Amino acid sequence: MSYDHHGPANIIIASRRLGVHSDECLNEAVDIQLTLGPTTAHMRFSQPLDWPANPNYVTVLLLDGSLTGGVIVEHQRPTDGPGWLTFTVDE
């Protein structure tokens, strides 16, 4: 089943490694386009996001309280404009 969302969301991008404290960056009220499939999701964002060093996990909190996230598979994150990322969908 697919799900699409267009609009604001809070995005947490994290660097999670075993044995090391998680480093997270909160990006509030970001305008996104999210296409959520059964195992992967693709998210486009309209503005540059704050990223920790070596990011590997994303959490997306929609303003209706829905939550999704997973391991970042690939991304394009320009420092001066929109970008995108693809991530696995945690069950």
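These legends describe close-up views of a predicted model.

**View 1. The whole chain is an all-strand protein.** The protein has six strands and zero helices. Read from the N terminus, its elements follow the order β-β-β-β-β-β. The C-alpha trace spans about 35 × 30 × 25 Å along the principal axes. The radius of gyration is 12 Å, which agrees with the value near 12 Å for a compact globule of 91 residues. Of the 91 residues, 43% count as buried. The accessible surface comes to about 5,500 Å², and 52% of that surface belongs to carbon and sulfur atoms. Where contacts link residues at least 6 apart in sequence, 53% of them join residues at least 24 apart.

**View 2. The six strands close into a barrel.** Around the barrel the strand order is β1-β2-β3-β6-β5-β4, with antiparallel pairing. On average, neighbouring strands of this sheet are turned by 45° against each other, direction ignored. Strands of a sheet pair through backbone hydrogen bonds, in either a parallel or an antiparallel sense.

**View 3. Strand β6 pairs with β3 and with β5.** Strand β3 (residues 40-45) and strand β6 (residues 83-88) run antiparallel and are joined by six bridges. In this pairing, H42 stands opposite T86 of β6. The pairing of β5 with β6 is also antiparallel, and four bridges join these two strands. Here T86 in β6 is the bridge partner of E74. T86 thus appears in both pairings, opposite H42 and as partner of E74. Six residues lie between β5 and β6, which form a hairpin.

**View 4. The hairpin of β4 and β5 contains a glycine with positive phi.** β4 and strand β5 (residues 67-76) pair in the antiparallel sense over five bridges. Four residues lie between the two strands of this hairpin. In the hairpin, G65 takes a positive phi near 95°.

**View 5. T59 is a buried residue of strand β4.** T59 lies in strand β4, which covers residues 57-62. Its relative accessibility is 16%, so T59 counts as buried, the limit being under 20%. Across the pairing with β5, T59 stands opposite G69. Leaving out residues up to four places away in sequence, T59 touches N10, I11, I12, R16, L67, T68 and G69. The bridge partner G69 is therefore also one of the contacts of T59.

**View 6. The largest nonpolar core draws on several strands.** This core has 19 residues, of which I11, I32, M43, F45, V58, V60 and F87 touch the most other members. At least two core residues come from each of β1 (3-17), β2 (20-36), β3, β4 and β6. β2 supplies the largest share, four residues. M43, one of the residues named above, is in contact with I11, I32, Q33, L34, V60, G83, W84, L85 and F87, leaving aside neighbours within four places in sequence. Among these contacts of M43 are I11, I32, V60 and F87, which are themselves listed with the residues that touch the most other core members.

**View 7. G7 of strand β1 packs against residues 30 to 32.** G7 lies in strand β1. With a relative accessibility of 9%, G7 counts as buried. Not counting residues up to four places away in sequence, G7 touches V30, D31 and I32. G7 and V30 are 23 residues apart along the chain, and their C-alpha atoms are separated by 7.8 Å. I32, touched by G7, belongs to the largest nonpolar core.

**View 8. A29 and N54 are exposed residues with positive phi.** Most residues other than glycine have a negative phi. A29, which is not a glycine, has a positive phi near 50°. A29 lies in strand β2 and is exposed, with a relative accessible area of 52%. N54 likewise has a positive phi, about 55°, although it is not a glycine. N54 lies in the loop between β3 and β4. At 53% relative accessibility, N54 counts as exposed.

Definitions and conventions
Residues are numbered from 1 along each chain as its sequence is written. This is a predicted model: local features need pLDDT of at least 70, side-chain atom pairs count only at pLDDT 80 or more; totals for chains, interfaces and linings use all residues. Side-chain values use heavy atoms; hydrogens and water are left out. Two strands pair if DSSP finds at least two bridges between them. Axes are lines fitted to C-alpha atoms, for helices over the stretch in contact, and angles run from 0 to 180 degrees between N-to-C directions. Buried means under 20% relative accessible area, exposed over 50%, partly exposed in between (1.4 Å probe, protein chains only). Contact means heavy atoms within 4.5 Å. A nonpolar core is a set of buried Ala, Val, Leu, Ile, Met, Phe, Trp, Tyr and Cys residues joined through side-chain atoms within 4.5 Å. The radius of gyration is taken over C-alpha atoms; the globule rule is 2.2 Å times the number of residues to the power 0.38. Accessible areas come from the Shrake-Rupley method with a 1.4 Å probe; for residues, only the protein chains shown count as cover.
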